[in-house]
Amino acid sequence: MTIFITTFVVCLIVSVGTVALLMMSRTPRFRTDFSDIARVLDQAVSGEINENEWHSVIGYPIRHDEYLESLRRRCQGIFDKHARPWQLAQGGALFSREGREELNVLLGHLRARTGVAETRA
């Protein structure tokens, strides 16, 4: 009977400790900022971005900044209209020439608004 009580108490302590740690910890958050969007747009304009990297930044809503959210939605619209993932698989660019030109215009607007410096070497 003492083995049962000892096992029960140890399991109860571990369970309560685990629940307490989970209650005190915060969930991880990723806040997309101007430099993240500028980096992704710069890579898309130069044809160096893959579809997964594009979706990891542009595919998630931005709740803390209305301007960035509207920019993200415009980028998503350009992706829907001009993306060519089949050419990316064959070594081409993710976007058509028209799509890259539209993204370059958005990148220029973003840099003019925020003063984010060019990242190309």
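This passage describes helices α2, α4 and α6 of a predicted model, together with a few residues in and around them.

Helix α2 covers residues 34–46. Its 13 residues should span 18 Å at 1.5 Å a residue, and the C-alpha atoms at its ends are 18 Å apart, so the expected and modelled lengths agree. Many positions of α2 are buried, namely Asp 36, Ile 37, Ala 38, Val 40, Leu 41, Asp 42, Gln 43, Ala 44 and Val 45. The cover over these buried residues includes α3 (51–58), α4 (66–82) and α6 (97–114). After α2 comes Gly 47, which has a positive phi, near 80 degrees.

Helix α4 was examined in the same way. With 17 residues at 1.5 Å each, α4 should span 24 Å; the distance between its end C-alpha atoms is 24 Å, which agrees. At the N-terminal end, α4 is capped by Asp 65, which places a side-chain oxygen 3.0 Å from the backbone nitrogen of Tyr 67. Tyr 67 is itself among the buried residues of α4, and the others are Leu 68, Glu 69, Leu 71, Arg 72, Cys 75, Gln 76, Ile 78, Phe 79 and His 82. Helices α2, α3 and α6 are included in what covers them.

The packing of α4 against α6 was considered next. Two packed helices are described by the angle between their axes and by the distance between the axes. For α4 and α6 the angle is about 170 degrees and the axes are 9 Å apart. Because angles over 145 degrees count as roughly antiparallel, α4 and α6 are roughly antiparallel to each other. On the α4 side, the contact is made by Tyr 67, Leu 68, Leu 71, Arg 74, Cys 75, Ile 78 and His 82. On the α6 side, the contributing residues are Glu 98, Gly 99, Glu 102, Leu 103, Leu 106, His 109, Leu 110 and Arg 113. In an α-helix there are 3.6 residues a turn, so residues three or four places apart point the same way.

Two residues of α6 were looked at individually. His 109, which is in helix α6, counts as partly exposed because its relative accessibility is 47%, and the partly exposed range lies between 20% and 50%. The C-alpha atoms of His 109 and Leu 71 are 9.6 Å apart, although 38 residues separate the two in sequence. Arg 111 also lies in helix α6. Its relative accessible area is 16%, so Arg 111 is buried, the limit for buried being under 20%. Arg 111 and Pro 85 are 26 residues apart along the chain, and their C-alpha atoms are separated by 27 Å.

In helix α3, one residue was followed in detail. Glu 51 is located in this helix and is partly exposed, with 27% relative accessibility. Leaving aside residues up to four places away in sequence, Glu 51 touches Phe 79, Pro 85, Leu 88 and Leu 94. Of these, Phe 79 is one of the buried residues of α4. Between Glu 51 and Phe 34, which are 17 residues apart along the chain, the C-alpha separation is 20 Å.

Finally, the cysteines were considered. The structure holds zero disulfides. Cys 11 is partly exposed, with a relative accessible area of 44%, whereas Cys 75 is buried, at 0%. Cys 75 also takes part in the contact between α4 and α6.

Conventions: Residues numbered from 1 in each chain as written. Predicted model: local features only at pLDDT ≥ 70, side-chain atom pairs only at ≥ 80, totals over all residues. Heavy atoms only, no water. Helix = DSSP H or I, 4+ residues; strand = E, 2+ residues; numbered from the N terminus. Expected span 1.5 Å × (residues − 1). Buried < 20%, exposed > 50% of the residue type's maximum accessible area, 1.4 Å probe, protein only. Contact = heavy atoms within 4.5 Å. Disulfide = S-S within 2.5 Å. Polar contact = N/O pair within 3.5 Å; in protein donor to acceptor, adjacent residues only side chain to side chain. Axes fitted to C-alpha atoms, helices over the stretch in contact; angles between N-to-C directions. Parallel < 35°, antiparallel > 145°, perpendicular 65-115°, else oblique.
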